[in-house]
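Trainee: I should like to examine how the descriptive terms applied to a model follow from its computed values. May we proceed term by term?

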Amino acid sequence: MNFLLSVTANKNHLLGIIVALIAMVGGLAVVSVTRRTHLLALSILRPAESATRRLIAILAHGMKVPKRKARAAPTGKIPKRKGEYVPPFQLFDPRKRVGPVKRRVPGRGPTIWFFDGEDVPPSAKQEISPDDLIDARALLRRLQAMMVALGDMDRQAKRLARALAKKALPIRAMRPGRPPGHRAALAGGRHRHFVDEVLADCHELALLALNAPPVKTPP
């Protein structure tokens, strides 16, 4: 099976999805988006990130990376970054939580509000609306990080190979079971969104590739 050809095809699909997501939120210069748009973007971004991690894992499988030489600590002042910081793409699936999750339950609050008739009663809890504006900067950083990763897959594969080489025990970038962002298919086997089809394909490819001889990348 030609894994490299499949990786390239799915990478192009994911690039198209990211471009559509950026257009949906209004570009990379927006500061806030509606809650409805934010939730919709996340529902597409999560499976897209999982699919990207699986493509990187395929390329990193069996990759040999030289050990980095230890460098001396800088003696001068470290300059600050200029402009908006784009974090590195997350190469490992978030691990599943084990055990019950503690949830904070709000207290009853004060039982006596007025003492002399001049106190202002606490405001009523504000209702959440799909049209509320929320901060979009964290979402945009994730979009940019994924776009950078897709633009240089070989570099991301080397990052992953170095990270895996540092681990004392064998570990994979993919967590066991269903990938993050997985959504069950609808009746008749139809996917909810094109990204779900891409994730299913990338996950199956990764499972096959990680149990096969390492992929030989072109020089």
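Mentor: Let us begin with a definition: an angle of 65 to 115 degrees between axes counts as roughly perpendicular. Please keep in mind that this is a predicted model.

Trainee: Why are H2 and H4 called roughly perpendicular to each other?

Mentor: The axes of helix H2 (residues 35-60) and helix H4 (residues 153-166) cross at roughly 75 degrees and come within 8 Å. That angle falls in the range of 65 to 115 degrees, so the two helices are roughly perpendicular.

Trainee: Which residues make the contact between H2 and H4?

Mentor: From H2, Leu55, Ile56, Ala57, Leu59 and Ala60 take part, and from H4, Met153, Asp154, Gln156, Ala157, Leu160 and Ala161. By class, the contact of H2 with H4 comprises 9 nonpolar, 1 polar and 1 charged residues.

Trainee: What makes the pair Arg142 and Glu49 a salt bridge?

Mentor: The criterion is a side-chain nitrogen of Lys or Arg within 4 Å of a carboxyl oxygen of Asp or Glu. The closest N and O atoms of Arg142 and Glu49 are 2.7 Å apart, so the pair satisfies the criterion. Arg142 lies in helix H3 (residues 137-151) and Glu49 in helix H2, so the bridge ties together parts that are 93 residues apart in sequence.

Trainee: Are Arg142 and Glu49 buried or partly exposed?

Mentor: Buried means under 20% relative accessible area, and exposed means over 50%. Glu49 has 10% and is therefore buried, whereas Arg142, at 31%, counts as partly exposed.

Trainee: How do you know that Arg35 and Asp132 meet in a salt bridge?

Mentor: Their N to O distance is 3.8 Å, and the cut-off is 4 Å, so the pair qualifies. Arg35 belongs to helix H2 and Asp132 to the loop between H2 and strand S2 (133-135), so the bridge connects parts 97 residues apart in sequence. Arg35, at 25% relative accessibility, counts as partly exposed, and Asp132, at 22%, also counts as partly exposed.

Trainee: Which parts does the salt bridge of Asp131 and Arg36 tie together?

Mentor: The side chains of Asp131 and Arg36 meet at 2.7 Å, N to O. Asp131 lies in the loop between H2 and S2 and Arg36 in helix H2, so parts 95 residues apart in sequence are tied together.

Trainee: How many salt bridges does the count come to?

Mentor: The count comes to 7 salt bridges.

Technical notes. Residues numbered from 1 in each chain as written. Predicted model: local features only at pLDDT ≥ 70, side-chain atom pairs only at ≥ 80, totals over all residues. Heavy atoms only, no water. Axes fitted to C-alpha atoms, helices over the stretch in contact; angles between N-to-C directions. Helix = DSSP H or I, 4+ residues; strand = E, 2+ residues; numbered from the N terminus. Contact = heavy atoms within 4.5 Å. Nonpolar A, V, L, I, M, F, W, Y, C, P; charged D, E, K, R; others polar. Buried < 20%, exposed > 50% of the residue type's maximum accessible area, 1.4 Å probe, protein only.
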